[in-house]
Amino acid sequence: MLRKHLLRAVLSAALISLSGVGSVHASEAQAVLEEPSLLERYSSSAQDLILKGFELIGINYRFGGTNPDTGLDCSGFVQIVFKEAMGILLPRSAREQSQVGAVIDRDELKAGDLVFFNTMRHAFSHVGIYLGDNRFLHAPRTGAEIRVEDMRQSYWIQRYNGARRLLTR
């Protein structure tokens, strides 16, 4: 029960923080959180990943970073989340991570899936963790912090490379 309340609080804070990004407003976020189906739609594994990922929101991006105390890059962030939440050891780079798991179509995305983008003029140069509702969690770039983004933004639509599923449902 405590875990459910903690997840509800974390998801609420995340949805409310998105009020300026996309179409989620604080009142809408609260209404969505009151529906029991929000937590039920995530598997236990996806909940663990999301909670761990949300713990790292606000950490500074650092190219090559693998330590939350000094900063994380996108693949370092994903690597830590999967290791600490699931005990899954992923390769270091986004390109290597794109070779792990089952390939899935964009319309099959579920919370906890890895999403990949071409942000450095080569495929699979950026990775994040899909949260559901077209949103993903990632470490974006130098000068920014780990945050939630909307995949419907034109920047991400143009750069989307694909997705992988590591969690069994």
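Q: Two strands pair if DSSP finds at least two bridges between them; in this predicted model, which residue of S6 is the bridge partner of Gly 132?
A: Strand S5 covers residues 126-132 and strand S6 covers residues 135-138, and the two strands run antiparallel. Three bridges join S5 to S6, which satisfies the requirement of at least two bridges. Within this pairing, Ile 129 has Leu 137 as its bridge partner and Tyr 130 stands opposite Phe 136, while the partner of Gly 132 in S6 is Arg 135.

Q: Which residue in the turn of the hairpin formed by S5 and S6 has a positive phi?
A: The hairpin has two residues between S5 and S6. One residue in the loop between these strands has a relative accessibility of 42% and counts as partly exposed, because that value lies between the 20% and 50% cut-offs. Its phi is near 55°, a positive value in a residue other than glycine, and the residue found in this loop is Asp 133.

Q: In what order do the six strands form the open sheet?
A: The pairing in this sheet is antiparallel, and neighbouring strands are turned by 40° against each other on average when direction is ignored. The edge strands, each of which pairs on one side only, are S3 (102-104) and S7. Towards the S7 edge, S4 and S5 pair over four bridges, and S6 and S7 likewise pair over four bridges. The complete order is S3-S8-S4-S5-S6-S7.

Q: Which residue of S5 is the bridge partner of Leu 114?
A: S4 (114-117) is separated from S5 by a loop, and these two strands pair in the antiparallel sense over four bridges. The S5 residue in question also has a bridge partner in S6, namely Leu 137. The partner of Leu 114 in S5 is Ile 129.

Q: How many of the seven residues of S5 are buried?
A: S5 pairs with S4 and is also joined by three bridges to S6. In the neighbouring S6, Arg 135 and Leu 137 point one way, Phe 136 and His 138 point the other way, and all are buried. S5 is itself mostly covered, and the number of its residues that are buried is seven.

Q: Which residue of S7 stands opposite His 138?
A: S6 and S7 pair in the antiparallel sense over four bridges. His 138 is buried and points from S6 in the direction shared with Phe 136. Opposite His 138 in S7 stands Arg 147.

Q: Is Arg 121 buried or exposed?
A: Arg 121 is found in the loop between S4 and S5, and its phi is near 65°, a positive value in a residue other than glycine. Its relative accessible area is 84%, which is over the 50% cut-off and therefore makes Arg 121 exposed.

Q: What distance separates the C-alpha atoms of Thr 142 and Arg 62?
A: Thr 142 lies in the loop between S6 and S7, where it is exposed with a relative accessible area of 63%. Along the chain, Thr 142 and Arg 62 are 80 residues apart. In space, their C-alpha atoms are separated by 6.1 Å.

Q: What length does helix H5 reach from its first C-alpha to its last?
A: H5 runs over residues 74-86 and has 13 residues, among them the buried Cys 74, Phe 77, Ile 80 and Phe 82. Just after the helix, Gly 87 takes a positive phi of about 75°. The expected span at 1.5 Å a residue is 18 Å, and H5 comes close to this expectation, reaching 18 Å.

Q: What is the volume of the largest pocket?
A: Of the 22 residues that line this pocket, the closest to its centre are Tyr 61, Cys 74, Met 120, Ser 125 and His 126. H5, helix H6 (94-97), S7 (147-150) and helix H7 (154-159) each supply at least two residues of the lining. The lining residues divide into nine nonpolar, seven polar and six charged. The volume of the largest pocket is about 390 Å³.

Conventions
Residues numbered from 1 in each chain as written. Predicted model: local features only at pLDDT ≥ 70, side-chain atom pairs only at ≥ 80, totals over all residues. Heavy atoms only, no water. Expected span 1.5 Å × (residues − 1). Buried < 20%, exposed > 50% of the residue type's maximum accessible area, 1.4 Å probe, protein only. 1 Å grid on protein atoms, 1.4 Å probe; cavity = no way out; pocket = protein on both sides within 12 Å on 5 of 7 lines; lining within 4 Å. Points joined across faces, edges and corners; volume = space filled by probe spheres on them. Nonpolar A, V, L, I, M, F, W, Y, C, P; charged D, E, K, R; others polar. Axes fitted to C-alpha atoms, helices over the stretch in contact; angles between N-to-C directions.
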